[in-house]
Structures are given as structure tokens and as C-alpha cells.
Amino acid sequence: MTQTLESTERVKIYKAFPEFYDAMMNLSATSAKDFDHTIGELVKIRASQINRCGFCLDMHARDARKQGETEQRLALIAAWEEAGDLFTEREQAALALTEAVTEINRGPVSDDVYERAAAVFSERELSQLIAMIVTINAWNRINVTVKMPFPRR
């Protein structure tokens, strides 16, 4: 009998390779150190939406709610450009950069998107933002590949 893709057991990557998990956790902590937590969660949610990572979406939406994020803003992250001033200038710049980096297969990050972020973030903040975007994309790709289950509530 042939197994379908949906029923194929996937590797428990973090159990089989705990050093990798530790390295990813270190990368996450380092990129987020002293960075605006609200922007960090928005970035993680938006990248996870694009990458269709249910595990990360669930986790970061919960984290954002715990930090006081509103249901309206959470509902509108995917349509942040239409949300007007519901998102700050810095949040909008971070979300635009997140989309550009996450969808790098569509072409390089444009000068306009990069300059928009560079105009509102210090060099260190911009470096951290890029690192955070790269890191959540790595988490997303890992978790989607291994079909990381999210907790049912």
C-alpha cells in the first residue's frame, strides 16, 4: 500500500538534531535582542502568513496578543497597506521589507523598500530587522517542511 504525502511521517528535526534547534534559538534571540517587540511580532506573523506556516502563525499571534496587540491589527496585517495609519511608519516599513525579503524569488529587494526602512531604523535596528526576517523565514521553511503540528485549543 502506498502512503500519500499527507500521511507520511516527517522527521522530528528538533529531537533528531537538537544542536540545530539550539542554534536557531540563539539566532532568534540574538536578532530580537533589544528590538521593538511589537514590530518583531508583526514581522514574524507577516512572513509566516506568506510562507503558510501554521505553527509560527499560531505561536506569534498568541505572543502578540499577550503583549497587548489588538484583534483588529492582527486581522489586518496581511492588508497593512490598506489599513492606513493603523500601523505606524516604522511598522509599515518593516512589513514592506518583510514582504520583499520573504518573496525574494520575485526579484531583489527594491531600493525604495530598503530606503523606506533605512529612513526609520538605525543601522543596528535595520540589521536586526533583516536578521529577524531571515530567521523567521528559516523557521517557517523548517516547520512547513516537517509539518510541525500546532497545538489545538
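Which residues does the UniProt annotation "domain: Carboxymuconolactone decarboxylase-like" cover? According to that unreviewed entry, the annotation spans residues 18–99. The model examined here is predicted. Within residues 18–99, helix makes up 73% of the chain and strand 0%. The C-alpha atoms at the two ends of this segment are separated by 30 Å.

The chain as a whole contains eight helices and zero strands, and its pattern along the sequence reads α-α-α-α-α-α-α-α. For 153 residues the globule rule gives 15 Å, and the radius of gyration of the chain, 16 Å, is close to that value, so the chain is as compact as a globular protein of that length. Along the principal axes, the C-alpha atoms occupy a box of roughly 55 × 30 × 30 Å.

Packing was examined through contacts and burial. Among contacts in the chain with a separation of 6 or more, 72% join residues 24 or more positions apart. Buried residues, defined by a relative accessible area under 20%, account for 37% of the 153 residues of the chain.

The surface and the charged side chains were considered next. The accessible surface of the chain amounts to about 9,400 Å², and carbon and sulfur atoms contribute 55% of this area. Charged side chains number 19 positive and 23 negative. The centre of the positive set lies 9 Å from the centre of the negative set.

Methods: Residues numbered from 1 in each chain as written. Predicted model: local features only at pLDDT ≥ 70, side-chain atom pairs only at ≥ 80, totals over all residues. Heavy atoms only, no water. UniProt positions renumbered as here; feature names shortened; annotations may be inferred. Helix = DSSP H or I, 4+ residues; strand = E, 2+ residues; numbered from the N terminus. Rg over C-alpha atoms; globule rule 2.2 N^0.38 Å. Buried < 20%, exposed > 50% of the residue type's maximum accessible area, 1.4 Å probe, protein only. Contact = heavy atoms within 4.5 Å. Areas by Shrake-Rupley, 256 points an atom, 1.4 Å probe, with all protein chains shown as cover. Lys, Arg positive; Asp, Glu negative; His and termini not counted. Charge placed at Lys NZ, Arg CZ, Asp CG, Glu CD.
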